[in-house]
Amino acid sequence: MDIYFAVLNFTLSGAIGLVGILTLQKVSTPNEVLFALLPLLFALHQFDEGFVWLGMGGHIDTRALEIAAGIFVYYAQGLLPFLIPLAIWLIEKDGYKKKLVGILAILGFGLAVYTMYGLSTVPTSVSVVNNTLYYKNPWTENFYDAGIYILTTCGSLMLSSSIAIELFGLLNLIGLVVIYIFRPYGFTSLWCLYAAAISGLLYFYFVERRIQFLQELKTKKDGIGKKLEQELDRLKKAHPKLFTSRL
């Protein structure tokens with residue numbers, strides 16, 4: 001079965017990667033780049049887990065399996081709790097929501113440092129339980145880490161002013177809770193697979209944001225054009241000879 005799950009990961013990675021590229025093309029401001037990268041990062045993450053499945057089936061050597069599993073766990077458990085709230089903070093408009101997301105980003109950074117230290121000092125084992133990859137590390141397997149993880153990732157998404165991002169956060173929260181209840185050993189693997197699969201929702205945020213950005217740009221352009229016309233009319237009335245001489 002390992003080879004089939006590897007193919008599934010590689011296929012999903014390709015589909016999400018395409019959505020990720022399309023999402024990046026809709027970026028309007030530099031602050032949106034990090035958030036727009038998320039679907040592409042999820043795609044690369046699933047591509048990496050495809051190699052973990054190949055390693056579990058003995059199709060690649062042990063060292064390659066260790067590297068692939070290490071990359072997967074560092075990103076999933078170590079980087080995401082900080083990366084997601086930071087990305088939301090960058091695109092959120094000034095206000096109380098931005099401040100709350102900023103607090104979650106700081107909390108996520110602390111969790112990321114704590115988790116990465118643990119992952120670098122305590123070995124992570126990988127096994128297959130009920131056709132699910134189980135990334136086991138005693139350092140991170142506790143209720144407190146899981147709670148802070150959910151708060152920083154899903155919490156920051158649900159605080160967004162965008163309906164599309166809020167929906168993405170709500171669906172992730174539902175998915176995390178369901179996985180944690182029924183397959184806690186698959187918390188890392190299954191949630192990342194699920195989050196990657198629904199990350200296409202973020203594309204609609206950038207389409208919405210692109211339309212809004214272009215409308216604002218057009219409004220500003222029209223406003224500047226009117227001001228220029230008014231200024232030219234004023235100057236023409238004040239100095240008519242100058243305009244006549246140029247003709």
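How many helices and how many strands does the protein have? With the whole chain in view, you are looking at a predicted model that has ten helices and two strands. Followed along the sequence, these elements run in the order α-α-α-α-α-β-β-α-α-α-α-α.

Stay with the whole chain for a moment and colour it by confidence. The mean pLDDT of the protein is 87, with 88% of the residues reaching 70 or more. Select helix 5 (residues 96-121), which has the highest mean pLDDT among the elements, 96, and then helix 10 (residues 240-246), which has the lowest, 61. Where pLDDT is low, the predicted coordinates should not be read in detail.

Next, switch on the surface. The accessible surface of the protein comes to about 13,700 Å², and 70% of that area belongs to carbon and sulfur atoms. Of the 247 residues in the protein, 40% are buried. If you count contacts between residues at least 6 apart in sequence, 69% of them join residues that are at least 24 apart.

Now select helix 6 (residues 143-158) and, within it, serine 156. Is serine 156 buried or exposed? Serine 156 counts as buried because its relative accessibility is 0%, where the cut-off for burial is under 20%. Display its surroundings and, leaving out residues up to four places away in sequence, you will find serine 156 touching Ile84, Pro85, Ile88, Val101, Leu104 and Leu151.

Move on to helix 7 (residues 163-182) and helix 8 (residues 187-198), whose axes come within 10 Å and cross at roughly 155°. Because angles over 145 degrees count as roughly antiparallel, helix 7 is roughly antiparallel to helix 8. To see the contact itself, show the side chains of Phe168, Leu171, Asn172, Gly175, Leu176, Ile179 and Tyr180 on helix 7, together with Phe187, Leu190, Trp191, Tyr194, Ala195 and Ile198 on helix 8. The crossing of helix 7 past helix 8 is right-handed.

Finish on leucine 176, which lies in helix 7 and is buried, with a relative accessible area of 0%. Which residues does leucine 176 contact, leaving aside its neighbours within four places in sequence? They are Ile150, Cys154, Phe187 and Trp191. Of these, Phe187 and Trp191 also appear among the helix 8 residues that make the contact with helix 7. For a last distance, select the C-alpha atoms of leucine 176 and alanine 146, which are separated by 9.8 Å although the two residues stand 30 residues apart along the chain.

Conventions
Residues are numbered from 1 along each chain as its sequence is written. This is a predicted model: local features need pLDDT of at least 70, side-chain atom pairs count only at pLDDT 80 or more; totals for chains, interfaces and linings use all residues. Side-chain values use heavy atoms; hydrogens and water are left out. Helices (H or I, at least four residues) and strands (E, at least two) are DSSP runs, numbered from the N terminus. Buried means under 20% relative accessible area, exposed over 50%, partly exposed in between (1.4 Å probe, protein chains only). Contact means heavy atoms within 4.5 Å. Accessible areas come from the Shrake-Rupley method with a 1.4 Å probe; for residues, only the protein chains shown count as cover. pLDDT is the predictor's confidence in each residue, from 0 to 100. Axes are lines fitted to C-alpha atoms, for helices over the stretch in contact, and angles run from 0 to 180 degrees between N-to-C directions. Angles under 35 degrees count as roughly parallel, over 145 as roughly antiparallel, 65 to 115 as roughly perpendicular and the rest as oblique. A crossing is left-handed if the near helix is turned anticlockwise from the far one by less than a right angle, and right-handed if clockwise.
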